[in-house]
Amino acid sequence: MFDSFLLAFTALFSIVNPLAMALIFSQVTADSSPRDRARLAGLVSVYSAIVMLTALWAGAYVLNFFGVSMAALRIAGGFVVAERAWALLTAPERHEARKQEQAAGDGDRLAESAFFPMTIPFTTGPGTISVAIALGSTRPTHGAGGLMEFFLGMSGAALAIAALIWLSYRSADRIVAFLGPTRVRVLTRLFAFLLFCVGVQILLTGVLDAFPLLSQKG
């Protein structure tokens, strides 16, 4: 069980990176009240847990039911991640102002933004879903005891990542205060650029999966 937990935790943490995303969260919700930010952090962590657990245990079946391949998921998801990151990178003030206006104007809109775009694609996007589906596919096929330990370890890792998301997002103000506004803006742009690169990589991986002959040329 510990081996399963450690494998899933390290894989999910590396792709979710809640500490880095907390800076983007702080920028997007800068004009919201502390109560609204705390509420949003809780909703994002709950939605992220649901996304990861669903991808771990039912992701492959859902994709097969709708006839969606992993390549299609990566292409579509990578495009969304790259587009959102590019908007934040090239026009952060306008992007932030639009999000802040939505968040400050209506609590229902703030709750709606918790799932999209804060949970998907920013926090647990197609990269996280792909990793979770891949982890779930390694489940043992024999032995009820081994399957139960695998289930508990993987599920525990997903819940631990969700708890870190909640803690990081809820502490985003303290992180910003510690770093200072100038460093935060620099790091936010840096993480937005890295997020853009992640989106492009997910998109490229999906294209190569869909057209394997492209990877064999040259």
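**Close-up views of a predicted all-helix model**

**View 1. Ser-155 in helix α8.** Ser-155 is buried, since its relative accessible area of 11% falls under the 20% limit. The model shown here and in the other views is predicted. Ser-155 has its place in helix α8, which covers residues 144-170. When neighbours within four places in sequence are set aside, the contacts of Ser-155 are with Leu-53 and Trp-57.

**View 2. The protein chain as a whole.** The protein chain contains eleven helices and zero strands. Along the sequence, its pattern reads α-α-α-α-α-α-α-α-α-α-α. Of the 218 residues in the protein chain, 41% are buried. For contacts between residues at least 6 apart in sequence, 86% connect residues at least 24 apart. The protein chain has an accessible surface of about 11,400 Å², and carbon and sulfur atoms account for 68% of this surface.

**View 3. The largest pocket.** The largest pocket encloses about 340 Å³ of space. Its lining consists of 18 residues, and those nearest the centre are Val-62, Leu-63, Leu-73, Ile-120 and Ile-129. Two or more lining residues come from each of α3 (34-66), α4 (70-90), α6 (107-123) and α7 (126-136). Helix α3 provides the largest share of this lining, with seven residues. Sorted by class, the lining of the largest pocket comprises 14 nonpolar and four polar residues, with no charged residues.

**View 4. The second largest pocket.** A volume of about 270 Å³ is found for the second largest pocket. This pocket is lined by 19 residues, of which Ile-15, Val-16, Met-21, Leu-195 and Val-198 are the closest to its centre. At least two lining residues are supplied by each of α1 (2-16), α2 (18-28), α6, α7 and α10 (181-210). The largest share, five residues, belongs to α10. By class, 13 residues of the lining of the second largest pocket are nonpolar and six are polar, while no charged residue takes part.

**View 5. Aromatic pairing within helix α1.** The structure holds eight aromatic pairs. In one of them, the ring centres of Phe-9 and Phe-13 lie 6.0 Å apart with their planes at 20°; the pair is therefore stacked, as the angle is under the 30 degrees that bound this class. Both residues belong to helix α1, where a separation of four residues corresponds to about one turn of the helix. Phe-9 is partly exposed, with a relative accessible area of 22%. Phe-13 is likewise partly exposed, and its relative accessible area is 29%. Ring pairs also join Phe-5 with Phe-9 and Phe-13 in a cluster.

**View 6. The aromatic pair of Trp-86 and Phe-196.** Trp-86 and Phe-196 make a tilted aromatic pair, with 5.3 Å from centre to centre and 45° between the planes. Because Trp-86 lies in helix α4 and Phe-196 in helix α10, the pair ties together parts that are 110 residues apart in sequence. Trp-86 is partly exposed, at 46% relative accessibility. Phe-196 is also partly exposed, with a relative accessible area of 21%; this value lies above the 20% limit, under which a residue would count as buried.

**View 7. The cis peptide bond before Pro-117.** The peptide bond that leads from Phe-116 to Pro-117 is cis, and its omega is near 15°. Pro-117 is part of helix α6. Helix α6 is also among the elements that give two or more residues to the lining of the largest pocket, and it supplies at least two residues of the lining of the second largest pocket.

**View 8. The backbone at Asn-17.** Asn-17 adopts a positive phi of about 50°, although this residue is not a glycine. Its position is in the loop between α1 and α2. Asn-17 is partly exposed, with a relative accessible area of 31%. The two helices on either side of this loop, α1 and α2, are among those that each supply at least two residues of the lining of the second largest pocket.

Methods:
Residues are numbered from 1 along each chain as its sequence is written. This is a predicted model: local features need pLDDT of at least 70, side-chain atom pairs count only at pLDDT 80 or more; totals for chains, interfaces and linings use all residues. Side-chain values use heavy atoms; hydrogens and water are left out. On a 1 Å grid over the protein atoms alone, a cavity is a set of points where a 1.4 Å probe fits but cannot get out, and a pocket is an open set with protein on both sides within 12 Å along at least five of seven lines; lining residues have an atom within 4 Å of a point. Grid points are joined across faces, edges and corners, and a volume is the space filled by probe spheres set on the points. Ala, Val, Leu, Ile, Met, Phe, Trp, Tyr, Cys and Pro count as nonpolar, Asp, Glu, Lys and Arg as charged, and the others, Gly among them, as polar. Buried means under 20% relative accessible area, exposed over 50%, partly exposed in between (1.4 Å probe, protein chains only). Contact means heavy atoms within 4.5 Å. Accessible areas come from the Shrake-Rupley method with a 1.4 Å probe; for residues, only the protein chains shown count as cover. Rings of Phe, Tyr and Trp (its six-membered ring) pair if their centres lie within 6.5 Å; planes under 30 degrees apart count as stacked, over 60 as edge-to-face and the rest as tilted.
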